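Trainee: Please take me closely through one part of this model, and then follow the thread outward from there. I'd like it in plain words.

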Amino acid sequence: MRFIDLFAGIGGFHQALSNLGHECVFASEKKEHLAKLYELNYNIVPNRNIRDVNPSEIPDHDILCAGFPCQPFSKAGNMQGLQDENNGSFFDIIIEILQEKNPTYFILENVRNIESHDDFKTWDYISESLIGLGYNISKNVMSPHQYNIPQHRERLFIIGSRLPIDNFEWPPKVELTNTVRNFLHSENAKLVEEDRMDVIDIWQDFINILPTDKSLPGFPIWSMEFGATYPTEVPISELSNEELEKYKGSYGVPLKGLSYEEKIKNLPGYAVKNKGRLVYPDWKIRWINNNRELFIKNKRELVPIVKKLKKLTNKSWQKFEWNCGDVDRNIREHIIQFRASGVRIKKADFFPSLVTVSTQIPIIGWENRYLTPEEGARIQSFENITFPENITTCFGALGNAVNVKLVNLIAANLLPPVEENQVEIYLNQHIELRNAL
């Protein structure tokens, strides 16, 4: 059967359906470097702007595949959904193509949050639009770790068919037998930079001073709250210069005697940006108080570490997230990520989701090096493809890609097997369906 690959990226849909014997007849990818790689890997020149294509000009096809842009629906994005001026209208383009070309099947993929976005109004719009075109649809949240790939990466898949789907079943989950280490086979890996190694050492010292008979804090560590006393019941913007004189800012710096500008500089950024709110959200107040109490209980031991943390020029490095429970307290036995929310330590049982931000490439702690593009591709189930030369671009592409294995499993259950006798039956059925439409 013939398929089209919209918002193609590095071709996760292409690999999955080609592996099952189907033929790609059209692809679209906006980014120039990815379009060139798509041509190199699959010998197809992608369209560069799907907005400019008249749906009637797209080749006839049996399957439409699309992992349409997720930023409008992702919790890490702007959350504007279908109202997003840049990417929100792409779903409507998919609808226009389905309406014009009437493919028998489609497979769509997006972030899990699209299902509940805007109090489920977005999903209502999506489902009603697809059903209105005459498709039988089904949706399911899937993650690679449910199919023997040790990575947490939940995505919503939507399948549709103009034929009955009573016998369609989503791929059953399987026991995870693979480990993270099964995917770590690569040479020439990039070593962790010296300044980041120093940051890891500082946070290791922090862990080492905490009592071993108690669990490590499960809340995010915001070291700038160590010694701070500024109020959380009112926004900083509502306090006068004189009122701020009574308090201490980040790391316990007395605000008394400082100019208003200096006071603001010595307060956490999230406190200063709290304009327009009467109070902080409950979760933020709770985390602030937890950090202040932690410092008070361990002040003597923490003072030397606070001095080091205070000197870090990257403010996100002053935050720390321990997601390993009570297992080995040696940071270098785990997976490390330098994120905007802080230095995150994750137990090495699953890979974190690959993301498009190059600074968040997972660090393999016990090898003091970054995950390589080849390993990232292995986690996303790609085989035998050329990657972008730039590591930032490469992980950006992998972070946006659909997992090949998951699509393969879905398509194998949805589409008729590519065998001569069944293809003939399918084609006759499909011709009858097209004629009826």
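Mentor: Start where helix α1 stops: Gly-21 follows this helix and has a positive phi, near 100 degrees. Helices here are DSSP runs of H or I with at least four residues, strands are runs of E with at least two, and both are numbered from the N terminus. You're looking at a predicted model, where local features need pLDDT of at least 70 and side-chain atom pairs pLDDT 80 or more, while totals for chains, interfaces and linings use all residues. Residues are numbered from 1 along each chain as its sequence is written, and side-chain values use heavy atoms, leaving out hydrogens and water.

Now step back into α1 itself, which covers residues 12-19 and has 6 of its 8 residues buried. Buried means under 20% relative accessible area, exposed means over 50%, and partly exposed is in between, using a 1.4 Å probe and protein chains only. The six are Gly-12, Phe-13, His-14, Gln-15, Ala-16 and Leu-17. What do they pack against? Their partners are the strands β1 (2-6), β2, β3 and β4 (105-111), plus the helices α2 and α13 (404-414). Contact, by the way, means heavy atoms within 4.5 Å.

One of those partners, β2, runs over residues 23-27, and Glu-23 sits in it. Glu-23 counts as partly exposed because its relative accessibility is 49%. Leaving out residues up to four places away in sequence, Glu-23 touches Met-1, Arg-2 and Phe-3. Compare its positions relative to Ile-4: the two are 19 residues apart in sequence, but their C-alpha atoms are 8.6 Å apart in space.

Another partner, α2 (32-42), leads into a loop that runs on to β3 (63-66), and that loop holds Asn-43. Asn-43 isn't a glycine, yet its phi is positive, near 60 degrees. Most residues other than glycine have a negative phi. With a relative accessible area of 69%, Asn-43 is exposed.

Asn-43 has some company. Asn-102, just after α3, has a positive phi of about 50 degrees. Further along, Asn-384 isn't a glycine either, and its phi is positive, about 55 degrees. You'll find Asn-384 in the loop between α11 (373-379) and α12 (391-400), and it counts as exposed at 81% relative accessibility.

Since Asn-102 brought us to α3, let's check that helix. At 1.5 Å a residue, the 12 residues of α3 (90-101) should span 16 Å, and the end C-alpha atoms are 17 Å apart, so the two values agree. The expected span is 1.5 Å times one less than the number of residues. Buried in α3 are Phe-90, Phe-91, Ile-93, Ile-94, Ile-95, Ile-97, Leu-98 and Lys-101.

Next, a loop with a covered serine. Ser-143 lies between β5 (136-142) and β6 (155-161), and with 0% relative accessibility it counts as buried. Its side chain makes a polar contact of 2.8 Å with the side chain of His-145. A polar contact is a pair of N or O atoms within 3.5 Å; within protein, one must be able to donate a hydrogen and the other to accept it, and residues adjacent in sequence count only if both atoms are side-chain atoms. Beyond four places in sequence, Ser-143 is in contact with Gln-151, His-152, Arg-153, Glu-154 and Leu-406.

Arg-153 and Leu-406 turn up again in the lining of the largest cavity, along with Glu-109, Met-142, Pro-144, Arg-155, Phe-157, Val-402 and Asn-403. A cavity is a set of points on a 1 Å grid over the protein atoms alone where a 1.4 Å probe fits but cannot get out, and lining residues have an atom within 4 Å of a point. The whole structure has 1 cavity of 30 Å³ or more, and the largest has a volume of about 40 Å³. That volume is the space filled by probe spheres set on the points, which are joined across faces, edges and corners. The lining divides into 5 nonpolar, 1 polar and 3 charged residues. Ala, Val, Leu, Ile, Met, Phe, Trp, Tyr, Cys and Pro count as nonpolar, Asp, Glu, Lys and Arg as charged, and the others, Gly among them, as polar.

Last stop: Arg-369, in strand β12 (369-370). Arg-369 counts as buried at 5% relative accessibility, and its side chain makes a 2.7 Å polar contact with the side chain of Glu-367. Leaving aside neighbours within four places in sequence, its contacts include Leu-184, Ala-189, Lys-190 and Glu-375.

Note on methods
On a 1 Å grid over the protein atoms alone, a cavity is a set of points where a 1.4 Å probe fits but cannot get out, and a pocket is an open set with protein on both sides within 12 Å along at least five of seven lines; lining residues have an atom within 4 Å of a point.
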